[in-house]
Structure formats: C-alpha cells, structure tokens
Amino acid sequence: MTQTKLDIPALIEQFNENGYLILPGILSEEKVNRLNAAIDRIVAEEPESLAYNVYNSIERDDEIASLIDEPTLLPLMVNLLGFNIQLHISHLTVRKPNPNDVKTESHSFINWHQDGPHPQFPKQDGITSTYYIKTCYILSDMSQPDRGNTKVVPGSHNKPFHPESQDVNGLVDGEVQVCGKPGDVFIFPQNLWHAGAPNRSEFTRRQLFLGYSPIWMRPIDYRTASDRLLENASPYRKQLLGVIDENPFKYYVPSESMVPLKELYNQDAGKSVYK
C-alpha cells in the first residue's frame, strides 16, 4: 500500500459539490499486480464472456478482501458517511474489448441510472439523498476515454436531474468520462447519475467497486459475513462486516465501544453527508 496523505476537508467539499472524486496513486503497482492476479483466478472460474459482474467479490479472494479497510481511504469514508458504517457491496466488473457493442447477459455496458433498490429510494423536491458511497479501484489502463469508462454527470446528485435519454451511446449534457491509471481510485455516491460505457478500445476494463453504507442498511453481498471473512479480523474490519452486537437495535444506536471507526471521525473535517 502507498502512504498517500489525503486532505480530507478539501475532499469532502469537492465531493459534496461535484459528487465524485478521482484520487491518483492510492494503490502501489505491486498491489495492483496482486489484485489483477486475483481477478485472473476469479475469471478463470467463470464461463467465457465479453463481460463479467462478480458480486461479493471479497469472498472470492483474500487479496480483494484486504481492501475492505484499506487504510488510505478508510478515514475519508468515515468522514463522508459518519463512523457508524459497514461494507455494503463488493462488485468486480471486467469488460473485454467489444467494438461491435454486443450485449451480453452480464451487461457489457450499462445505461444512465442512479443506484439503489426498486422501488427507488424516496426523493424530496426531486432529489435523492445519499445512502451509500462506492470506492472504485481502477485496475487497468483507463487513462483515455472509450475504454469502458464510467460516465458521470457532475453535480447530478444534489439537484433535480434526469438525463434526456438513458442510452449510454447518447451524449448527455455535462457528462464526463472518468479516466484513470491502475492504482487510481474513483469515489461516488449512489445518487450520482452514471453509466458504464461500451469498450471500443483494445484494452480490457477492470474495475473493483467496494461500497459503504450506514450499518442500519442491509448489505447487498450477504445476510451475515462468513466465518472466513471474520477470522482474525481487526476491530475496524469486524465493524465493516456488520459485527457490532447481537441486538439489532444497536445498528441504529450503537454504544461507542461497538463502533471503533469513531476514532477516525473528525467533526472538524468538514460537512459530511450525514450530519
């Protein structure tokens, strides 16, 4: 891991305004290589496809599970969402070159959307609140557009917005393709309008999403974390895997001892999503 020092107050301000962050060089080249080796092992176990979506990917390989409490990003996540948080989702996406835009069952590209359940999260005055935030680890060269990049509309998380067309092939006013190199991290909330563009390059897109939410929400990956994930887990990781108390009421009103991540929370860091 790198020892990048993040300016958390400045990043919170930028996140609240734009709805996303691009953080360069969070992972070392060595770590990226180990993660890609893990992805090779996972993909080798899947049916051949142009695209792969692997949910609960932390369960598939310990190298991926090591990112649950990645130390450079964890203080930022705590100060964006508050200290009563958990891992919500771990989602590996691989998109091979697909110049003919062939649609596959595993979704070679995704049209414009906000994440969330169906029916959707409630809106107030046309705006959906932030319920969870994703960290996207970029593990392939996506330094140029049209490599299956994620598209976003900056600021669309905090105003009434709906794209004129949800077709990802169309150009939405104000859209940005998120570009980055292996080891960079892209962070965005579920209510930011985004899309997964087709990959018309010769590069295979590899992105690994780990999302975080308040611990009172049900995680997407599992009902309860497996014994394998909890074995030898640190206090931080146990909390992130949803283990704080046998009484479910404590998910809403935990005692201070149940949420060790509180020690990473700085009330003076800036205005987080949850006051």
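Visitor: Which strands supply at least two residues each to the lining of the largest pocket?
Guide: In this predicted model, they are β2 (51-55), β3 (85-95), β4 (110-113), β11 (194-196) and β12 (205-214).

Visitor: What makes a residue part of that lining?
Guide: A lining residue has an atom within 4 Å of a point of the pocket. For the largest pocket, 31 residues line the space. Those that lie nearest its centre are Ile110, His113, Asp115, Lys134 and His194. The space in this pocket comes to about 650 Å³.

Visitor: How is the lining of the largest pocket divided by class?
Guide: The lining has 15 polar, 11 nonpolar and five charged residues. Of the residues named above, Ile counts as nonpolar, Asp and Lys count as charged, and His falls among the polar ones.

Visitor: Why are β1 and β2 said to stand at the edges?
Guide: The order of the six strands in this open sheet is β1-β10-β7-β12-β3-β2, with antiparallel pairing. β1 (21-23) and β2 each have a single partner strand, so each has one side without a neighbour in the sheet. From one strand to the next, the twist averages 20 degrees.

Visitor: How do you know that β1 and β10 are paired?
Guide: Two strands pair if there are at least two bridges between them. β1 and β10 (residues 185-189) have three bridges, in the antiparallel sense, so the pair meets the requirement of at least two. Within this pair, Leu23 stands opposite Val185 of β10.

Visitor: Which helices pack on this sheet?
Guide: Helix α1 (residues 8-18) touches β1, β7 (133-138) and β10, and its direction makes about 140 degrees with that of β1. Helix α2 (residues 29-44) touches β2, β3 and β12, and makes about 70 degrees with the direction of β3.

Visitor: What makes β12 a partner of β3 and of β7?
Guide: The bridges do. β12 has 10 bridges with β3 and six with β7, against a requirement of at least two. Both pairings are antiparallel. Ile85 stands opposite Pro214 of β12, and Thr135 stands opposite Leu210 of β12.

Visitor: Why is β12 called mostly covered?
Guide: Buried means under 20% relative accessible area, and 10 of the 10 residues of β12 are buried.

Visitor: Which strands stand at the edges of the four-strand sheet, and why?
Guide: That open sheet has the order β4-β11-β8-β9 and antiparallel pairing. β4 and β9 (176-177) stand at its edges, because each has a single partner strand and one side without a neighbour in the sheet.

Visitor: How do you know that β4 and β11 count as a pair?
Guide: Two bridges join these antiparallel strands, and at least two are needed, so the pair qualifies. His113 stands opposite His194 of β11. His113 and His194 are also among the lining residues that lie nearest the centre of the largest pocket.

Visitor: Why is Asn199 called buried?
Guide: Asn199 has 2% relative accessibility, and the cut-off for buried is under 20%, so Asn199 counts as buried. This residue is found in the loop between β11 and β12.

Visitor: What is Asn199 in contact with, leaving aside its neighbours within four places in sequence?
Guide: Its contacts include Arg95, Lys96, Pro97, Asp146, Arg147 and Thr204.

Visitor: How far is Asn199 from Leu210?
Guide: Their C-alpha atoms are separated by 22 Å, with the two residues 11 residues apart along the chain.

Conventions: Residues are numbered from 1 along each chain as its sequence is written. This is a predicted model: local features need pLDDT of at least 70, side-chain atom pairs count only at pLDDT 80 or more; totals for chains, interfaces and linings use all residues. Side-chain values use heavy atoms; hydrogens and water are left out. On a 1 Å grid over the protein atoms alone, a cavity is a set of points where a 1.4 Å probe fits but cannot get out, and a pocket is an open set with protein on both sides within 12 Å along at least five of seven lines; lining residues have an atom within 4 Å of a point. Grid points are joined across faces, edges and corners, and a volume is the space filled by probe spheres set on the points. Axes are lines fitted to C-alpha atoms, for helices over the stretch in contact, and angles run from 0 to 180 degrees between N-to-C directions. Contact means heavy atoms within 4.5 Å. Buried means under 20% relative accessible area, exposed over 50%, partly exposed in between (1.4 Å probe, protein chains only).
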